[in-house]
Amino acid sequence: YWKKFVISFKKISDKIKKQRMYTLIFALALFTLQFFLLDEILKIMVVALAIFSLVSTYLWGALKSVEESCMIKKIAVSKLREGDWIIDDISIKGKEIYSSKSIGVEKKQIEILLNSKIKNVTVKEGFAFAPAFLLGVIISLIFKEIILFWLINLV
């Protein structure tokens, strides 16, 4: 998997060159802004946001590479389970059976696929809300004092 990851990371890194440049400009602007701020807590937040924006660009590339190299698999239609994420749109005789924009495959769609000539599908494995939970935990750990300070002062 490591070789697949490195190849995928290089490919994604090339795709996001423009985004990395914009992120760098944004972070530099935030670093410059913090010199003009008087409130120490606000300075810390602005610097943390600048650092987070720089790190997040590379972190997103790494996570996307892991997804492409390790979490996308081709499986037999007979092994499909309700809720699996099929990557491609599936049409049979011009009729759309499954859209890749769907949240997951349904039991009725699996039955149609089992009765069709389609033998394999490409699915994305993983945890549906893991990135959102991880981001929430990280933000709450970093900014817990600031959030609590604001909440206390609001009352």
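# Notebook: helix packing and selected residues

**Entry 1. Helix 2 against helix 3**

I noted that helix 2 passes helix 3 with a left-handed crossing. The model I consulted is a predicted one. I looked up the extent of both elements: helix 2 covers residues 17-34 and helix 3 covers residues 40-70. Their axes come within 9 Å and cross at roughly 165 degrees. Angles over 145 degrees count as roughly antiparallel, and helix 2 and helix 3 are therefore roughly antiparallel to each other.

I then listed the residues that meet. From helix 2 I recorded Arg20, Thr23, Leu24, Phe26, Ala27, Leu30, Phe31, Leu33 and Gln34. Their partners in helix 3 are Lys43, Val46, Val47, Leu49, Ala50, Ile51, Ser53, Leu54, Thr57 and Tyr58. I sorted the residues of this contact by type and obtained 13 nonpolar, 4 polar and 2 charged.

**Entry 2. Arginine 20**

I next examined arginine 20, which lies in helix 2. Is arginine 20 buried, exposed or partly exposed? Its relative accessible area is 22%, and it is therefore partly exposed. With neighbours within four places in sequence left aside, I found arginine 20 in contact with Ser13, Thr57 and Tyr58. I also looked up a distance: the C-alpha atoms of arginine 20 and serine 53 are separated by 9.5 Å, and these two residues are 33 residues apart along the chain.

**Entry 3. Helix 1 against helix 3**

I turned to helix 1, residues 2-15. The axes of helix 1 and helix 3 come within 8 Å and cross at roughly 130 degrees. That angle makes helix 1 oblique to helix 3. I recorded the crossing of helix 1 with helix 3 as right-handed.

On the helix 1 side, the residues in contact are Lys4, Phe5, Ser8, Phe9, Lys11 and Ile12. On the helix 3 side, I found Tyr58, Trp60, Gly61, Ala62, Lys64, Ser65, Val66, Glu68 and Ser69. By type, the residues of this contact divide into 7 nonpolar, 4 polar and 4 charged. I noted that Tyr58 of helix 3 is listed here and also in the contact with helix 2.

**Entry 4. Serine 8**

I selected serine 8, found in helix 1, for a separate check. Its relative accessibility is 5%, so serine 8 counts as buried. Which residues does serine 8 contact, leaving aside its neighbours within four places in sequence? I found Ser65 and Glu68. Both also appear in the list of helix 3 residues that meet helix 1.

**Entry 5. Helix 3 against helix 5**

I looked up helix 5, residues 130-154, and its relation to helix 3. The two axes come within 11 Å and cross at roughly 170 degrees. Helix 3 and helix 5 are therefore roughly antiparallel to each other. The helix 3 residues in the contact are Ile41, Met45, Ala48 and Phe52. They meet Leu135, Phe143, Ile146, Phe149 and Trp150 in helix 5. I counted 9 nonpolar residues in this contact, with no polar and no charged.

**Entry 6. Helix 4**

I asked which residues of helix 4 (residues 107-115) are buried. They are Gln109, Ile110 and Leu113. Seen down the helix axis, these residues fall within an arc of 100 degrees, so they line one face of helix 4. A general rule is useful here: an α-helix has 3.6 residues a turn, so residues three or four places apart point the same way.

On the other side of helix 4, I found Lys107, Lys108 and Asn115 exposed. The cover over the buried residues of helix 4 includes strand 2 (85-86), strand 3 (90-92) and strand 4 (95-98).

**Entry 7. Two loop residues**

I located lysine 93 in the loop between strand 3 and strand 4. Its phi is near 55 degrees, a positive value in a residue other than glycine. Lysine 93 has 85% relative accessibility and therefore counts as exposed.

I located serine 100 in the loop between strand 4 and helix 4. Its relative accessible area is 33%, so serine 100 is partly exposed. Leaving aside neighbours within four places in sequence, I recorded contacts of serine 100 with Ile86, Ile87, Asp88 and Asp89. For isoleucine 87 I also noted the spacing from serine 100: 13 residues in sequence and 5.4 Å in space, C-alpha to C-alpha.

Conventions:
Residues numbered from 1 in each chain as written. Predicted model: local features only at pLDDT ≥ 70, side-chain atom pairs only at ≥ 80, totals over all residues. Heavy atoms only, no water. Axes fitted to C-alpha atoms, helices over the stretch in contact; angles between N-to-C directions. Helix = DSSP H or I, 4+ residues; strand = E, 2+ residues; numbered from the N terminus. Parallel < 35°, antiparallel > 145°, perpendicular 65-115°, else oblique. Left-handed = near helix turned anticlockwise from the far one by under 90°. Contact = heavy atoms within 4.5 Å. Nonpolar A, V, L, I, M, F, W, Y, C, P; charged D, E, K, R; others polar. Buried < 20%, exposed > 50% of the residue type's maximum accessible area, 1.4 Å probe, protein only. Arc of directions from axis to C-beta.
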